[in-house]
Protein chains: 6
Amino acid sequence: MTEQKASALTHFDAQGQAHMVDVGDKSETRRVAVARGSISMKPETFAMVKSGNAKKGDVIGIARIAAIQASKRTSDLIPLCHPIPLTRVAVEFALDEAQSRIDCSVTAETVGRTGVEMEALTAVNVALLTIYDMCKAVDRGMRMDGIQLMEKLGGKSGHWVAGQ
Amino acid sequence: MTEQKASALTHFDAQGQAHMVDVGDKSETRRVAVARGSISMKPETFAMVKSGNAKKGDVIGIARIAAIQASKRTSDLIPLCHPIPLTRVAVEFALDEAQSRIDCSVTAETVGRTGVEMEALTAVNVALLTIYDMCKAVDRGMRMDGIQLMEKLGGKSGHWVAGQ
Amino acid sequence: MTEQKASALTHFDAQGQAHMVDVGDKSETRRVAVARGSISMKPETFAMVKSGNAKKGDVIGIARIAAIQASKRTSDLIPLCHPIPLTRVAVEFALDEAQSRIDCSVTAETVGRTGVEMEALTAVNVALLTIYDMCKAVDRGMRMDGIQLMEKLGGKSGHWVAGQ
Amino acid sequence: MTEQKASALTHFDAQGQAHMVDVGDKSETRRVAVARGSISMKPETFAMVKSGNAKKGDVIGIARIAAIQASKRTSDLIPLCHPIPLTRVAVEFALDEAQSRIDCSVTAETVGRTGVEMEALTAVNVALLTIYDMCKAVDRGMRMDGIQLMEKLGGKSGHWVAGQ
Amino acid sequence: MTEQKASALTHFDAQGQAHMVDVGDKSETRRVAVARGSISMKPETFAMVKSGNAKKGDVIGIARIAAIQASKRTSDLIPLCHPIPLTRVAVEFALDEAQSRIDCSVTAETVGRTGVEMEALTAVNVALLTIYDMCKAVDRGMRMDGIQLMEKLGGKSGHWVAGQ
Amino acid sequence: MTEQKASALTHFDAQGQAHMVDVGDKSETRRVAVARGSISMKPETFAMVKSGNAKKGDVIGIARIAAIQASKRTSDLIPLCHPIPLTRVAVEFALDEAQSRIDCSVTAETVGRTGVEMEALTAVNVALLTIYDMCKAVDRGMRMDGIQLMEKLGGKSGHWVAGQ
């Protein structure tokens, strides 16, 4: 690995030491990030979550709140993240009965000097963890997959879409 | 879904309302949980992380610290989790060059009234998120998969191993 | 005021200086506290909350989660509180249509060296604040009243009931 | 309740799902909120607090610090609150000997995209809880009442005063 | 350095990787730690703090509260610290007019599986930082020195006193 | 002390009551602060840290991460500090073998309404505490000294350098 490659990881300085990158010169622009992820479970567990969503035992509703709150804790959890004043967070769930899987998608926004990818991804992770927590008494083998950034808008790097 | 099934989700009472489950009658025993998960990336990104691990730009070392700290924040992040005095947390990483993938495994332990699955899983999630954060400038398409509980010891439910 | 009276406020030492009181010699016993409080609003606001509770816009469900999470933050918020490993938290709401008022009641439990009154009261306060937050766009004049401890069990002081 | 009314609760989207409302388009203006609340106690307790305020055992001084710190934790406690960079927080107490009651008033300010009502109200609540905590050893029956927003300035909704 | 010496730093495993050390086998005993530290300032600044302590502008009282609260945040701040349920925290200040210096001493206690040195030291540090914060408008050159553990009781290592 | 001097401590109002100072009228400018401090230890301990830095048991790397994270917690720890969106944090260590001492220097930056001295100082303190924590098993007598602000740029008070 050459020196050049090392500096490509911007969270490290020329000596390879971690720092919180200087964003003071970046302009304050609207920035959006969309992330998603899934949790797979047994059909019986899926049925419980689904029915709860409509009537009682609202697993999905609680996971949504946990996700929103976690987005606000991102810079506390991820060591080199800048603190960011989020201006919007929205959390969507889709219930895929055929796959016995719940998909979560989070959109985070700010008007700031750096992007909100980590806020969106952290929210997805905590949404899935919260579903796991509430269902683990009946299904310890649930599995989280496909957690990734889907789209990113704003800032110098412009519009980015996964898979393009 | 019958009433019985609803009550199987122990985080909800008979009326389907969320609560922090009573664990006051459970005995204080040693409890262990092991969780794991992976993050996949481009071969170039993988090479940077791998070389950094040995010499400079220690992505893995920082992810380990973030994971340990996150394990202590679990009950803050997951709404219905009990606060638990962790007695041990260990975080291992394996670098799979063929798959261009980093695997993370966390072991959490307590001597307490309830298990530490969520602490182990939360630590894995934050380890992977931290790797994502530090490499995202060069690779936004990284993906987290296979996050799951591998093993659980202690408490009424005894020894549980994934896939058995 | 005499010296004796000053020392009656146990959070201050003989010199009147604040400290976190020594509870190391207290035994670990099961301790329970019940607190309650209310928020009054316009009938129109009450109707929105009530209908949301059943179908969509679940104000009450979100307030319940906020209350449970706040109970775990009590020693972070109240300077001289001891950190306490809660073993149970339950939050009940009653909708009083005649008074256009929502009543909240929280039961907190621990097996520990000191009581959980503050955890129960903090949870009630944050439940009411969360209701206020979600309804304030339509009703800024909502008012919180009657926040108090209702009952306390365990520890040297035994069973205490409000108004007795 | 019609659909229209549901959407009046801005913390829920058209499907009734909670979100952190988009404030990215709001302009950054100076915003002020004033909230107040009271705690009633036995005359003996009141006398202790009052005398401590002047000489030793400074209950009021500690409650003031707890209130200021709590105002900074508001978005951590209230699920759908935006994180806000407070530019000023002031906490006043008035001792009403005739009523054996302590009144607390908090003024919070920011230059931001959304109001600071929740910050002011949260600070009042934690001030009163802190007084309760420090006096509970001698008076468990204290009661908090009249917690409400008094005034609000700035933003689209302009100047709002309670009772007008 | 030999392998043996490396393992003397117990926060690293045999491979030199950081972990939260296993304390599950340690017995729960009463543990006490005393730490101290000082902040030096200009005589004019010292005079302000001293007079404020007695009459108005209570710098010392606020630093005491900040120290107690910080002791409860220790495991959040120090990556490899175990979460510990503190049973007592006391903070003393001595005003040394001749040296224009304020000395702070903190005693922390728990009944637990590991010591409370870090809790006592963290409290001292935050006490001094709080004094700095409140006086910095008039004296930016203040300096913190002599922050160290003075005494430690309980656990396998027994009684330790600085300088012996 | 005259009234005038009392008001020189800006964290207290005219009545001597603590408040979070109004910075709403200050302009948003780039602000920089540099702080430093040291920890002294036995030569054997120093040798372990030094060798670990290069090969295994990376005490310095972990202290750097803890410092960066602590800088983001400053307003949570120091009661009257404003929350500040840091735009950069860099942590340097120098190993002074002759003195068996590790020196830490932190640079913090923001574009905001108030300075970042406290963020830089808090990061230094937590860096030193983290080193203490990781080495305390072999050297309880380590001592932290010389923690002070070195330089400050931006805001009304302009450029300040220690000792000038």
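This report walks through the interface between chain E and chain F in a predicted model.

Let's begin with the overall extent of the interface. On one side, 58 residues of chain E take part, and they are in contact with 57 residues of chain F. The area buried between the two chains is about 5100 Å², and carbon and sulfur atoms give 67% of this area.

Polar links are present too. Between chain E and chain F the count is four salt bridges. One salt bridge joins the side chains of E:D76 and F:R73, with an N to O distance of 2.6 Å. Across this interface there are also 14 residue pairs in polar contact, both residues being at pLDDT 80 or more.

Which elements of chain E each supply at least two residues of the side that touches chain F? They are listed here.

| Element of chain E | Residues |
|---|---|
| α1 | 3–8 |
| α2 | 43–54 |
| α3 | 59–72 |
| α4 | 74–77 |
| α5 | 117–135 |
| β4 | 143–153 |

Of these, α5(E) gives the most to the side of chain E that touches chain F, supplying twelve residues. Sorted by character, the residues on this side of chain E divide into 32 nonpolar, 13 polar and 13 charged.

The strands are worth a look as well. β4(E) pairs with strand β4 of chain F, residues 143–153, in the antiparallel sense, and the pairing runs over four bridges. For a spot to find in the structure, try E:M144, which stands opposite F:I147 in β4(F).

Terms used: Residues are numbered from 1 along each chain as its sequence is written. Chains are lettered from A and ligands numbered from 1 in the order in which they are written. This is a predicted model: local features need pLDDT of at least 70, side-chain atom pairs count only at pLDDT 80 or more; totals for chains, interfaces and linings use all residues. Side-chain values use heavy atoms; hydrogens and water are left out. Contact means heavy atoms within 4.5 Å. Buried area is the accessible area (1.4 Å probe) that two parts lose on being put together, summed over both. A polar contact is a pair of N or O atoms within 3.5 Å; within protein, one must be able to donate a hydrogen and the other to accept it, and residues adjacent in sequence count only if both atoms are side-chain atoms. Ala, Val, Leu, Ile, Met, Phe, Trp, Tyr, Cys and Pro count as nonpolar, Asp, Glu, Lys and Arg as charged, and the others, Gly among them, as polar. Two strands pair if DSSP finds at least two bridges between them.
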